[in-house]
Amino acid sequence: MKISIITVFPQIYESFTKLSLIARAIEKRIVEFNFVQFSDLCEPKKRMDEPTCGPGAGMIIKPEVVQKAIEQCEEKWGKGLKIFFSAQGQRIDQKILNTFVAKLDVVMSIEGEEPSIDPQHLILVCGRYEGVDTRVEHEYADLILSIGDYVLMGGDLAAQVFLEGILRL
């Protein structure tokens, strides 16, 4: 399985990928990670974020930066299943994880026609600040997940919870 993680802070994953089951899965080449940092996709001295539209303060990741990140991931490993993380997403629980892994197994075992999305390539989009532009989610997200009805500083912790859940299975 190939997993691309798009994030503001890829260093958050350094210890996560070097410990326990995740490290063993990498060693055995069961899983491979690709980290894409939002800021690497901006022109020099340009920001990756912009103010939110509407009432309230906050910053969101610019749509064109998210688009470039997704395109970079798909150039490396082909079209993948794009998962975004948001407090408004579908809540992750054991049933969701079991269903997700079972569907991956079914898609991988179907012979014949090539699927339009490679089930072996997951693209995890981890927003930061106030998240990503909603139009980006509407355009790209195949699935929006949440670990609870609360707001975190970004999607990285939720992505790690999701990864640990599916990789364990």
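**Close-up views of a predicted protein chain**

Buried residues account for 44% of the 169 residues in the protein chain, and the model shown in these views is a predicted one.

**View 1. Overall make-up of the chain, with 5 helices and 7 strands.** Followed along the sequence, the secondary structure of the protein chain reads β-α-β-β-β-α-β-α-β-α-β-α. When contacts between residues at least 6 apart in sequence are considered, 80% of them join residues at least 24 apart. The accessible surface of the protein chain comes to about 9900 Å², and carbon and sulfur atoms hold 52% of that surface.

**View 2. Strands E1 and E2 with helix H1 between them along the chain.** Strand E1 (residues 2-7) and strand E2 run parallel and are joined by 6 bridges; within this pairing, Ile6 has Val36 of E2 as its bridge partner. The chain passes from E1 through H1 to E2, and the β-α-β crossover made in this way is right-handed.

**View 3. Thr17, in the loop between E1 and H1.** Is Thr17 buried or exposed? With a relative accessible area of 14%, Thr17 is buried, because the cut-off for a buried residue is under 20%. The side chain of Thr17 reaches the backbone oxygen of Tyr13 at 3.0 Å. Not counting residues up to four places away in sequence, Thr17 touches Ile22, Ala23 and Ile26, together with Phe33 and Phe35.

**View 4. Ser20 and Arg29, two residues that have a positive phi although neither is a glycine.** Ser20 belongs to helix H1 (residues 20-27) and has a phi of about 55°. At 52% relative accessibility Ser20 counts as exposed, since the cut-off for that class is over 50%. Arg29 is found in the loop between H1 and strand E2 (32-37), where its phi is about 60°. Arg29 is exposed as well, with a relative accessible area of 77%.

**View 5. Helix H2 (residues 63-77) and the glycine just after it.** Helix H2 has 15 residues and reaches 21 Å from its first C-alpha to its last, which is close to the 21 Å expected at 1.5 Å a residue. Which residues of H2 are buried? They are Pro63, Val65, Val66, Ala69, Ile70, Cys73, Glu74 and Trp77. In an α-helix there are 3.6 residues a turn, so residues three or four places apart point the same way. Just after H2 comes Gly78, which takes a positive phi of about 90°.

**View 6. Ile92, in the loop between strand E5 (80-91) and helix H3 (94-109).** Ile92 counts as buried, at 12% relative accessibility. Leaving aside neighbours within four places in sequence, Ile92 is in contact with Leu97, with Leu145, Ser146 and Ile147, and with Ala158 and Phe162. Ile92 and Gly165 are 73 residues apart along the chain, while their C-alpha atoms are separated by 9.2 Å.

**View 7. Glu137, a residue of helix H4 (residues 134-140).** What is the relative accessibility of Glu137, and is the residue buried or exposed? At 17% relative accessibility, Glu137 counts as buried, because this value falls under the 20% cut-off. Beyond its neighbours within four places in sequence, Glu137 is in contact with Phe84 and Ser86, and also with Val132 and Ile144. The C-alpha atoms of Glu137 and Val125 are separated by 9.6 Å, and the two residues lie 12 residues apart along the chain.

**View 8. Tyr150, in the loop between strand E7 (143-146) and helix H5 (156-168).** Tyr150 is partly exposed, with a relative accessible area of 43%, because this value lies between the 20% and 50% cut-offs. The side chain of Tyr150 reaches the backbone oxygen of Ile147 at 3.2 Å; Ile147 is also one of the residues in contact with Ile92, the subject of View 6. Measuring from C-alpha to C-alpha, Tyr150 and Gln88 are 8.9 Å apart in space, and in sequence the two are 62 residues apart.

Notes
Residues numbered from 1 in each chain as written. Predicted model: local features only at pLDDT ≥ 70, side-chain atom pairs only at ≥ 80, totals over all residues. Heavy atoms only, no water. Helix = DSSP H or I, 4+ residues; strand = E, 2+ residues; numbered from the N terminus. Buried < 20%, exposed > 50% of the residue type's maximum accessible area, 1.4 Å probe, protein only. Pairing = 2+ DSSP bridges. Right-handed = clockwise from strand over helix to strand, strands pointing away. Contact = heavy atoms within 4.5 Å. Areas by Shrake-Rupley, 256 points an atom, 1.4 Å probe, with all protein chains shown as cover. Expected span 1.5 Å × (residues − 1). Polar contact = N/O pair within 3.5 Å; in protein donor to acceptor, adjacent residues only side chain to side chain.
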